[in-house]
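The exercises that follow ask you to read a structure step by step, from strand pairing to the packing of the whole chain. Try each task before you go through its solution.

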Amino acid sequence: MTWQEELRHSIHTAEALCAALGLSETEIPVYRSIVEHYPMMIPPYYLSLIDPRDPADPIARICVPSPEELEPSGVFDTSGEGDNTKQEGVQHKYAQTALILSTNVCAMYCRHCFRKRMVGLSDAELNKQVTAAADYVRAHPEINNVLVSGGDALMNSNYIIRRYLEELCAIDALDLVRFGSRVPVVLPQRIYEDKELLDLFTAFARKKALYLVTQFNHPRELTEEAARAVRAMQKCGVQVRNQTVLLRGVNDDPQTLGLLLRRLTKVGAAPYYVFQCRPVTGVKGRFQVPLQEGVKIVDAAKNLQNGIGKGIRFAMSHPRGKIEILGSLSETEYLFKFHQAKNPADAARIFTAAIPPEATWLDGELRAI
Ligand code: SF4
């Protein structure tokens with residue numbers, strides 16, 4: 001299938017899901033009620049990665065809705081995105097970085113998404129005009145890099161991607177432009193089949209350092225097709241980096257996470273963050289791994305890596321900044337460091353917090369919750 005056919009044949013209804021997975025029709029109302037809240041989209045390519053014989057299949061866990069998503073605890077905006085929005089679709093949390101929400105569309109709606117409040121749903125938080133976002137960046141010379149995100153930045157049309165590249169690559173103050181996308185993971189054909197897209201990136205990578213930031217979460221996602229998409233971007237002169245989310249039932253054991261990090265390093269998509277899953281409504285109860293356990297898993301996975309793979313940081317995207325979880329000092333006392341800080345007074349600050357076994361996050365006062 002071409003990538004356009006993949007999209008056309010994606011599973012997005014409860015009926016189609018039950019038919020595709022051989023589930024009983026009695027389950028249709030259950031899936032329908034979840035999909036009404038949080039949309040589903042599974043391209044046939046990604047669906048084919050599921051092992052239907054495994055009831056706990058990690059790939060299915062990433063893409064198939066679960067009734068646990070309707071559990072109401074948690075919050076929708078866990079890192080203060082509303083407070084950091086300076087104009088429609090433009091967030092400015094750290095002085096040097098601007099974040100543009102370019103679309104609410106993704107090729108596949110990950111069940112663990114931290115922007116579950118908007119992906120496939122509302123366009124209220126999106127940037128609607130490329131020029132308006134670029135004007136904001138131009139008006140703030142302290143910004144030296146921009147992340148074009150979403151949704152999935154590569155689900156924009158080639159015309160819109162070109163407009164972002166034209167505007168942002170012409171801004172001298174920018175050292176680099178990043179595109180956030182899970183397309184290499186869930187719809188890699190969209191990259192390696194689309195010569196127009198590749199030509200665009202090739203042309204603009206000569207003018208500005210371009211990065212594709214992607215999110216592989218399980219070694220089985222790194223197929224030959226996915227590796228081909230990564231290599232195609234690299235051939236354009238675009239550097240590929242990976243951020244993984246630590247997810248219960250997906251990669252929460254050292255062997256799986258370690259293998260993923262090794263394969264990423266091998267394909268040249270250097271992993272640089274393993275993120276603690278955020279306490280998002282509809283995500284929290286299903287996917288979060290307690291911090292104590294997370295530290296053990298990440299440290300053990302790190303031990304399996306070469307120097308490049310060891311470069312990862314275990315971190316949380318918190319309203320106060322990006323906080324690295326450095327490790328334990330005793331059974332319950334843990335050491336943290338601000339890797340990025342919203343408030344300059346927090347910059348590079350090291351602190352400790354008491355972390356009970358069940359804690360998964362820090363509150364606004366940096367106490368375990
Ligand atoms: S691709 Fe990214 S934005 Fe889209 S659903 Fe997955 S995690 Fe969320």
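**Exercise 1. Find which residue stands opposite Phe179, and place the pair in the sheet.**

Solution. In this predicted model, Phe179 stands opposite Leu212, a residue of strand E6. The next step is to look at the strands themselves: E5 (residues 176-180) and E6 (residues 209-214) run parallel and are joined by five bridges. Moving on from E6, the pairing with E7 is again in the parallel sense, over four bridges, and here Val213 stands opposite Arg241 in E7. As a general rule, side chains in a regular strand alternate between the two faces of the sheet.

**Exercise 2. Work out the order of the strands in the open sheet, and say why one side of E1 and of E12 lacks a neighbour.**

Solution. The sheet is open and has twelve strands, in the order E1-E2-E3-E4-E5-E6-E7-E8-E9-E10-E11-E12, with mixed pairing. Strand E1 (85-87) and strand E12 (350-354) stand at the edges and have a single partner strand each, so one side of each is left without a neighbour in the sheet. For E1, the pairing with strand E2 (residues 90-91) is antiparallel and covers two bridges, with Thr85 opposite Gln91 in E2.

**Exercise 3. Determine which strands H15 lies across, and describe the surroundings of Lys302 in that helix.**

Solution. Helix H15 lies across strand E7 (239-246), strand E8 (270-276), strand E9 (313-318), strand E10 (321-328) and strand E11 (333-341), and it runs at about 75° to E10. Lys302 belongs to this helix, which spans residues 291-302. Lys302 has 18 C-beta neighbours inside 10 Å and therefore counts as partly exposed, because that class lies between the limit of 12 or fewer for exposed residues and that of 20 or more for buried ones. When residues up to four places away in sequence are set aside, Lys302 touches Lys310 and Ile312. By way of contrast in position, Ala20 is 282 residues from Lys302 along the chain, and their C-alpha atoms are separated by 37 Å.

**Exercise 4. Is Val137 buried or exposed, and which residues is it in contact with?**

Solution. Begin with its place in the chain, which is helix H7 (residues 130-138). Val137 has 22 C-beta neighbours inside 10 Å, so it counts as buried. Leaving aside neighbours within four places in sequence, Val137 is in contact with Ala98, Ile143, Val146, Leu168 and Ile171. A further distance can be added to this picture: Val137 and Ala173, 36 residues apart in sequence, are 9.0 Å apart from C-alpha to C-alpha.

**Exercise 5. Identify the residues that touch the most other members of the largest nonpolar core, and trace where the core comes from.**

Solution. The largest nonpolar core holds 105 residues, and Met108 and Met233 touch the most other members. Helix H12 (residues 224-236) gives the most to this core, with six residues, and the core draws at least three residues from each of domain 1 (3-70) and domain 2 (81-269 + 277-287). Not counting residues up to four places away in sequence, Met233 touches Ile191, Phe201, Leu212, Val238 and Val240; Leu212 is also the residue opposite Phe179 in Exercise 1.

**Exercise 6. Describe the contact between domain 1 and domain 2.**

Solution. The C-alpha centres of the two domains lie 23 Å apart. The contact takes 22 residues from domain 1 and 24 residues from domain 2. On the side of domain 1 that touches domain 2, the elements giving two or more residues are helix H1 (3-8), helix H4 (44-47) and helix H5 (58-63), and H5 gives the most, with five residues.

**Exercise 7. Locate the cis peptide bond, and then consider the backbone of Ala348.**

Solution. The peptide bond from Gly150 to Gly151 is cis, with omega near 25°, and Gly151 is found in the loop between strand E4 (145-149) and helix H8 (158-169). Ala348 has a phi near 60°, a positive value in a residue other than glycine. Ala348 lies in the loop between E11 and E12, and it is exposed, with 9 other C-beta atoms within 10 Å.

Key. Residues numbered from 1 in each chain as written. Predicted model: local features only at pLDDT ≥ 70, side-chain atom pairs only at ≥ 80, totals over all residues. Core = buried A, V, L, I, M, F, W, Y, C linked by C-beta atoms within 7 Å. Domains from an automatic or database assignment. Contact = placed C-beta atoms within 7 Å. Pairing = 2+ DSSP bridges. Axes fitted to C-alpha atoms, helices over the stretch in contact; angles between N-to-C directions.
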